[in-house]
Amino acid sequence: MRWDSRQLEALAAVVTEGSFDAAARTLHVTPSAVSQRIRALENAAGSVLVRRARPVVATAPGQALLRLARQTDLLGAEVAVELGADDAGAPDGLVTVPLAVSADSLATWVLPALAQVDGATFDLHRADDTRTADLLREGVVMAAVTSQTAQVQGCRSTPLGIMRYRPACTRAFARRWFPDGPTPAALGAAPVVVFDRTDDLQDMYLREHAPRARPPRHHVPSTVEYEETIRLGLGWGMLLDRPTIGGLEEGTGGGIALLEPDAVLDIPLHLQQWKLRSTVLDRVTAALRKEATRRLLPA
């Protein structure tokens, strides 16, 4: 079946921008024109493709067509760049690559990798490592750095390496809350710092050492401020192991202490991307793999 390129373009714009009005501004048409294109595409598909909420979300059939729209846009932009067209789809003929990564990866090793890629701009989507693959499955991104080992349909998966975390706090915090070490009772009472409500790292440690613990929580959804919260002694949390890519070092409140000297939490990361022959996507993959080899622990 042949799909209308303008209708696919409208679908991608609506999901990316989150509303029909914002998509219309991006496409330089009226909201009515965007709505008409989406309705025509839904008639051709025989299914509702988007949930008209805030933000707009693609349905399951819409996700399949969204992937097609992204792939068509990527390949079309690459051909335009190759032919020297003036409207390659981005300023200076750059091709846009949507990519899903976690906050920790984004703050440590992903950006240096992307800095090595010429001919591309990046639409970065931040999500927990356990959830980035969902954005790939939904067609929102073309590639994802993920901890999910199950290969997303239509994608290929490449191991990248391991991010290692250790449970840590300030020495002053340890003296106050863990005088006898991280006992189940102490873990149930001591405040813990979590990134956001999808962050499972601290709970993974708690499930192993104090499965019934329900400690008070600080929610700090920023990598820099998350670490600063721990260094200021507000709570304990999982910090990146310094031998890999930074995290554990002397700080305020008498320095950083480990809850357990030998306790580690290893998160294997994989790069999942569309099975699509794309020069730009191949360059992104190569750069991510190179930097991961340099900065992550071997899998």
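This note comments on the cores, one helix and one pocket of the structure.

1. The model is predicted, so local features need pLDDT of at least 70 and side-chain atom pairs count only at pLDDT 80 or more, while totals for chains, interfaces and linings use all residues. Residues are numbered from 1 along each chain as its sequence is written, and side-chain values use heavy atoms, with hydrogens and water left out.

2. The largest nonpolar core (buried Ala, Val, Leu, Ile, Met, Phe, Trp, Tyr and Cys residues joined through side-chain atoms within 4.5 Å; buried means under 20% relative accessible area, with a 1.4 Å probe and protein chains only) has 80 residues. Leu11, Val34, Trp109, Trp236 and Leu288 touch the most other members. Helix H1 (residues 5–17) gives the largest share, seven residues; helices (H or I, at least four residues) and strands (E, at least two) are DSSP runs numbered from the N terminus.

3. Val34 touches (heavy atoms within 4.5 Å) Ala10, Val14 and Phe20, among others, when residues up to four places away in sequence are not counted. Apart from the largest core lies another, of seven residues, including Val220 and Leu239.

4. In helix H10 (residues 223–231), the buried residues are Thr223, Tyr226, Glu227, Thr229, Ile230 and Arg231. Their cover includes helix H5 (103–114), helix H9 (201–209) and strand E9 (237–240). Gly233, which follows H10, has a positive phi, near 85°.

Technical notes:
Buried means under 20% relative accessible area, exposed over 50%, partly exposed in between (1.4 Å probe, protein chains only).
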